[in-house]
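Subject: Structure handover

Hello,

Here is the structure I said I would pass on. Please open it first; my notes on it follow below.

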Amino acid sequence: MKSVKQQRLISRLTLSSIAFLFIFTLNLSAQGDAANGKKLFNMHCAACHKLDKDLVGPKLGGITDIRTTEWLSAWIKDNASFQEIDADAKEAANFSAASMTAFAFLSDQEIDDILEYTIPVEVVEVAGSAAAPVVVQEQDNTLLYMLTAIVIVLVLMVFNLYRTMTVIKDGVESKSIADSLNGVWKAFKGNKFLHFLLVIFFLLNSAYFGFGWLMQVGLDEGYQPIQPIAFSHAIHAGDNKIDCEYCHTSAKHSKTSGIPSANVCMNCHMNISEVAESTATEEHSKEFYDGEIQKIYDAVGWDKDKLQYIEGYEKQPIEWVRIHNLPDFAYYNHSQHVTVAGLECQKCHGPVEEMEEVYQYSPLTMEWCIECHRETEIDMTENGYYKKIHEQLANKYGVEKVTEAQMGGMECGKCHY
Amino acid sequence: MKKVINTIILLALVIVASSCDKSKRAPNLQYFPNMYEPVSYETYGDNPNYAVGMEERLPVDGTIARGAEFPFEYENSEEGYQLAKAELKSPLDIFTIDDERGEDLYVIYCASCHGDKGDGQGELPKREKFLGIPDYKDRDITEGSIYHTIMYGKNMMGSHSSQLTEEERWQVVAYVQELRNN
């Protein structure tokens with residue numbers, strides 16, 4: 001009887017503990033949804049706060065251990081008026097000269113979600129589960145190696161068999177090859193016409209290569225100098241889809257397309273001092289890219305830990321190496337092509353958004369310029385200002401569309417003066 | 001005769017070998033380089049006459065370059081921001097606001113972070129490269145405060161004054177206001 005009682009006690013205990021656990025977990029989930037919190041945090045807070053380090057505002061990882069939820073909620077909703085009634089809040093405001101925006105539109109639930117997201121999560125070791133697929137892969141590989149080895153051995157065997165069979169059939173074969181070669185050489189030695197042909201062949205060949213070599217003097221197609229910073233257009237313009245003109249601002253107004261000054265780099269890299277793990281490629285590691293970002297900071301004197309410019313720092317220019325360079329006797333203007341003609345940058349510069357390291361895509365010869373001017377048709381529909389002259393031109397050439405060349409794009413003086 | 005042939009062969013080999021140099025790290029040979037190289041100092045070029053050998057110069061303190069815009073009168077501070085927010089007005093009116101150009105400029109200079117619709121869902125926040133971009137509609141901003149922010153930046157946003165001219169900035173401001181109202 002005693003044992004039955006004990007059993008009952010045990011079952012009751014387990015039941016109640018399960019119930020307790022259930023209620024407890026329910027409670028936890030009611031506190032906040034970390035996934036939604038992450039979304040909200042990234043949208044509203046991450047401009048000034050990070051979880052793991054101070055930014056404009058203090059770091060927020062584990063903030064709930066320092067302040068109560070009620071205190072944080074009051075601060076988030078309207079920190080200015082909260083500072084007037086709470087001494088701690090007034091002190092907290094001294095963290096930075098910038099004042100925090102009031103987030104009165106966030107609901108209590110949303111604030112709970114955000115705070116849930118700031119609670120540090122212990123990284124669970126996944127070594128065991130990660131090791132398993134690696135072993136499987138290794139097995140796969142050994143099987144592959146074995147198969148290749150078998151195939152190679154088989155091929156060797158077949159080859160060997162074939163060789164032995166031919167030797168049995170013809171006996172001394174290698175000697176006859178040398179003999180026949182000798183015969184050809186003797187015949188060639190005696191034939192004057194063949195000598196003459198050979199000389200002609202060599203002359204033509206050297207003329208071909210010599211002329212080819214002379215024609216590429218002064219051309220730099222494919223020129224790919226080593227730049228002071230390994231800036232990757234593939235990451236910036238390709239992956240992150242930043243517009244060319246964001247950095248090359250003066251292309252729309254000026255002759256030159258503009259090498260961005262370091263302050264343009266800093267527009268983003270004030271915040272981004274290291275690349276994500278996923279940015280690293282086989283060629284370049286994360287440390288490599290982080291080092292390249294550091295080079296901007298060294299040039300402008302930015303302290304990435306304190307997030308401010310170092311006072312009195314002697315700034316150094318970043319000496320980019322010019323790739324596209326027309327000879328001085330040819331005039332070229334970016335704004336005419338980018339703003340007036342509305343050409344894509346890629347038309348001349350190639351797929352820069354795929355280039356890890358930029359190279360000169362086009363030959364930049366006069367032939368290449370002229371060819372494009374001959375083919376390109378002027379958009380005459382959307383420019384009211386030139387309506388009359390466009391009509392006159394169309395009449396003059398008896399065509400409906402006018403090419404750039406017909407507009408005067410082939411006059412010498414347009415580019416050479 | 002044999003010597004001639006030998007020299008020809010040697011020459012051909014040398015030319016072939018030298019034309020196969022595919023390392024493009026150095027610029028190519030130039031024919032008559034004095035027709036290629038400029039006599040004057042070029043934009044972004046070296047200039048040994050100036051400090052750190054750089055051609056680019058800032059205007060002398062207290063001067064304004066001919067044709068350049070006048071300095072912005074509001075300070076880069078919280079007070080300057082509040083003042084601009086309260087009183088700074090756009091010089092553009094309904095005749096000079098160019099929606100199309102405003103949109104083009106917005107897409108180039110702002111949309112990477114702020115998103116095409118101004119909701120803070122640009123390519124960079126989507127890829128978690130640059131976080132904390134607000135929705136314009138959530139923020140209490142005026143055309144003056146938007147202009148101030150473009151001029152000096154705000155929080156982790158940098159100044160975009162060097163990338164846009166004064167008139168372009170106001171076009172962008174007009175477009176941001178349009179995004180807010182829609």
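I start with a pair of helices in chain B. The axes of α4(B) and α8(B), the latter made of residues 166–181, come within 8 Å of each other and cross at roughly 95°. An angle of 65 to 115 degrees counts as roughly perpendicular, so α4(B) and α8(B) are roughly perpendicular to each other. On the α4(B) side, the contact is made by B:D99, B:R101, B:G102, B:E103, B:L105, B:Y106 and B:Y109. From α8(B) come B:E168, B:Q171, B:V172, B:A174 and B:Y175. By type, the residues of this contact are six nonpolar, four charged and two polar. Please keep in mind that this is a predicted model.

Now chain B as a whole. Its secondary structure consists of eight helices and zero strands, so the order of elements from the N terminus reads α-α-α-α-α-α-α-α. Along the principal axes, the C-alpha atoms of chain B fill a box of roughly 95 × 45 × 35 Å. The radius of gyration of chain B is 27 Å, whereas a compact globule of 182 residues would have one near 16 Å. Of those 182 residues, 26% count as buried. Among contacts in chain B with a separation of 6 or more, 54% are between residues 24 or more positions apart.

Next, the contact between the two chains. How many residues does each chain put into it? Chain A gives 53 residues and chain B gives 46 residues. On the side of chain B that touches chain A, at least two residues each are supplied by α1 (2–19), α2 (33–36), α4 (99–109) and α6 (123–126). The largest share of that side is from α1(B), with eight residues. The side of chain B that touches chain A divides into 25 nonpolar, 13 polar and eight charged residues. Helix α4(B) thus appears twice in these notes: in the contact with α8(B) and on the side that touches chain A.

Last, one helix of chain A. Helix α10(A) covers residues 192–215, which is 24 residues. At 1.5 Å a residue, α10(A) should span 34 Å, and its end C-alpha atoms are 35 Å apart, so the two values agree. Is α10(A) buried or exposed to view, in terms of its count of buried residues? That count is zero, and α10(A) is hardly covered.

Regards

Conventions
Residues are numbered from 1 along each chain as its sequence is written. Chains are lettered from A and ligands numbered from 1 in the order in which they are written. This is a predicted model: local features need pLDDT of at least 70, side-chain atom pairs count only at pLDDT 80 or more; totals for chains, interfaces and linings use all residues. Helices (H or I, at least four residues) and strands (E, at least two) are DSSP runs, numbered from the N terminus. The expected span of a helix is 1.5 Å times one less than its number of residues. A residue is buried if 20 or more other C-beta atoms lie within 10 Å of its own, exposed if 12 or fewer, and partly exposed in between; C-beta atoms are placed from the backbone. Two residues are in contact if their C-beta atoms, placed from the backbone, lie within 7 Å. Ala, Val, Leu, Ile, Met, Phe, Trp, Tyr, Cys and Pro count as nonpolar, Asp, Glu, Lys and Arg as charged, and the others, Gly among them, as polar. The radius of gyration is taken over C-alpha atoms; the globule rule is 2.2 Å times the number of residues to the power 0.38. Axes are lines fitted to C-alpha atoms, for helices over the stretch in contact, and angles run from 0 to 180 degrees between N-to-C directions. Angles under 35 degrees count as roughly parallel, over 145 as roughly antiparallel, 65 to 115 as roughly perpendicular and the rest as oblique.
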